[in-house]
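Colleague: Could you take a close look at the salt bridges in this model and then place them among the elements around them? Please keep it plain, since I am new to this.

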Amino acid sequence: MTCVLALRNRQRARAVDMRLFRRIVIWALEGLFNADRYELGIHLISSTEMAAMNETYLRHAGSTDVITFNYGAGARDGSGVVQWSGGSGPIGKSPKGVSEDFHGEIFISLDDAVKQGRAFGVGWESEIVRYLLHGLLHLRGFDDRSAELRRAMKREENRLLKLVERRFKLARLSRRRS
């Protein structure tokens with residue numbers, strides 16, 4: 001069993017309790033996704049850094065909330081950017097040919113989480129966990145490139161977020177700088 005998790009807080013907008021975030025990530029991987037092997041990097045970054053990544057890797061202008069890089073068997077092109085064509089199955093079931101391992105990186109824009117949280121009337125803490133789950137779903141094979149797939153992915157994301165919220169007090173993510 002190989003379990004490697006690297007968490008990096010590279011932003012300055014908000015103090016994040018990285019110990020609690022680590023507990024949430026591990027619980028999501030092992031408790032929600034039944035992962036027994038993972039090599040995963042999760043980076044909390046600024047919108048400026050995210051905009052540069054979005055332009056460099058996806059050729060999109062401006063920041064975005066989350067970008068996932070899949071370094072596992074399911075990635076289709078050399079960039080490592082997730083390029084799935086339809087993994088909308090249930091958690092625990094990967095699309096055919098996709099590794100059960102989680103092997104990749106998830107970049108989360110904390111600035112975008114704050115902005116989106118305000119827009120939707122939720123805390124940024126809940127938003128970064130939503131983005132984490134979104135990235136993990138991409139690594140599991142979910143796609144959001146069409147309206148139908150986006151709706152299926154959003155339903156699963158909402159279901160998983162409710163499970164995380166039952167287990168953890170997400171507002172506590174903002175309590176301590178680490």
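Modeller: A salt bridge is a side-chain nitrogen of Lys or Arg within 4 Å of a carboxyl oxygen of Asp or Glu. Keep in mind that this is a predicted model. With that definition, a search of the whole structure gives seven salt bridges.

Start with Arg 145 and Asp 143, whose closest N and O atoms are 3.2 Å apart. This pair counts as a salt bridge because the cut-off is 4 Å. Asp 143 is classed as buried because its relative accessibility is 6%, and buried means under 20%.

The next pair is Glu 157 and Arg 130, which form a salt bridge with their closest N and O atoms 2.9 Å apart. It links distant parts of the chain: Glu 157 belongs to helix H5 (residues 147-167) and Arg 130 to helix H4 (residues 124-140), with their positions 27 residues apart in the numbering. Both partners, Glu 157 and Arg 130, are buried. They also belong to one network, in which salt bridges with shared partners join Glu 127, Arg 130, Lys 154 and Glu 157.

Glu 157 deserves a second look. Its relative accessible area is 3%, so Glu 157 is buried. Leaving aside residues up to four places away in sequence, Glu 157 touches Arg 130, Leu 133, His 134 and Leu 137.

A further salt bridge joins the side chains of Arg 10 and Glu 49, at 1.9 Å from N to O. Here too distant parts of the chain are linked, with the partners 39 residues apart: Arg 10 sits in the loop between strand S1 (3-9) and helix H1 (18-32), and Glu 49 sits in helix H2 (residues 47-58). Arg 10 is partly exposed because its relative accessibility is 40%. Glu 49 is also partly exposed, with a relative accessible area of 25%.

Now for the surroundings. Helix H4, which carries Arg 130, packs against H1 at an angle of about 35°, with the two axes 11 Å apart. The crossing of H1 and H4 is right-handed. On the H1 side the contact is made by Phe 21, Ile 24, Val 25, Ala 28, Leu 29 and Leu 32, and on the H4 side by Ile 128, Val 129, Leu 132, Leu 133 and Leu 136. Sorted by class, this contact has 11 nonpolar residues and no polar or charged ones. Leu 133 therefore appears twice in this account: in the contact with H1 and among the residues that Glu 157 touches.

Strand S1, which comes before the loop of Arg 10, belongs to an open sheet of four strands in the order S1-S2-S4-S3, with mixed pairing. S1 and S3 stand at the edges with a single partner strand each, so one side of each has no neighbour in the sheet. On average, neighbouring strands are turned by 10° against each other, direction ignored. H1 packs on this sheet and touches S1, S2 and S4, with its direction at about 145° to that of S1.

Within the sheet, strand S2 (residues 38-45) runs parallel to S4, and eight bridges join the two; Ile 42 has Ile 106 of S4 as its bridge partner. Strand S3 (residues 66-70) pairs with S4 in the antiparallel sense over five bridges. S4 (residues 102-109) is largely enclosed by the rest of the structure, because six of its eight residues are buried.

How values were computed: Residues are numbered from 1 along each chain as its sequence is written. This is a predicted model: local features need pLDDT of at least 70, side-chain atom pairs count only at pLDDT 80 or more; totals for chains, interfaces and linings use all residues. Side-chain values use heavy atoms; hydrogens and water are left out. Buried means under 20% relative accessible area, exposed over 50%, partly exposed in between (1.4 Å probe, protein chains only). Axes are lines fitted to C-alpha atoms, for helices over the stretch in contact, and angles run from 0 to 180 degrees between N-to-C directions. A crossing is left-handed if the near helix is turned anticlockwise from the far one by less than a right angle, and right-handed if clockwise. Contact means heavy atoms within 4.5 Å. Ala, Val, Leu, Ile, Met, Phe, Trp, Tyr, Cys and Pro count as nonpolar, Asp, Glu, Lys and Arg as charged, and the others, Gly among them, as polar. Two strands pair if DSSP finds at least two bridges between them.
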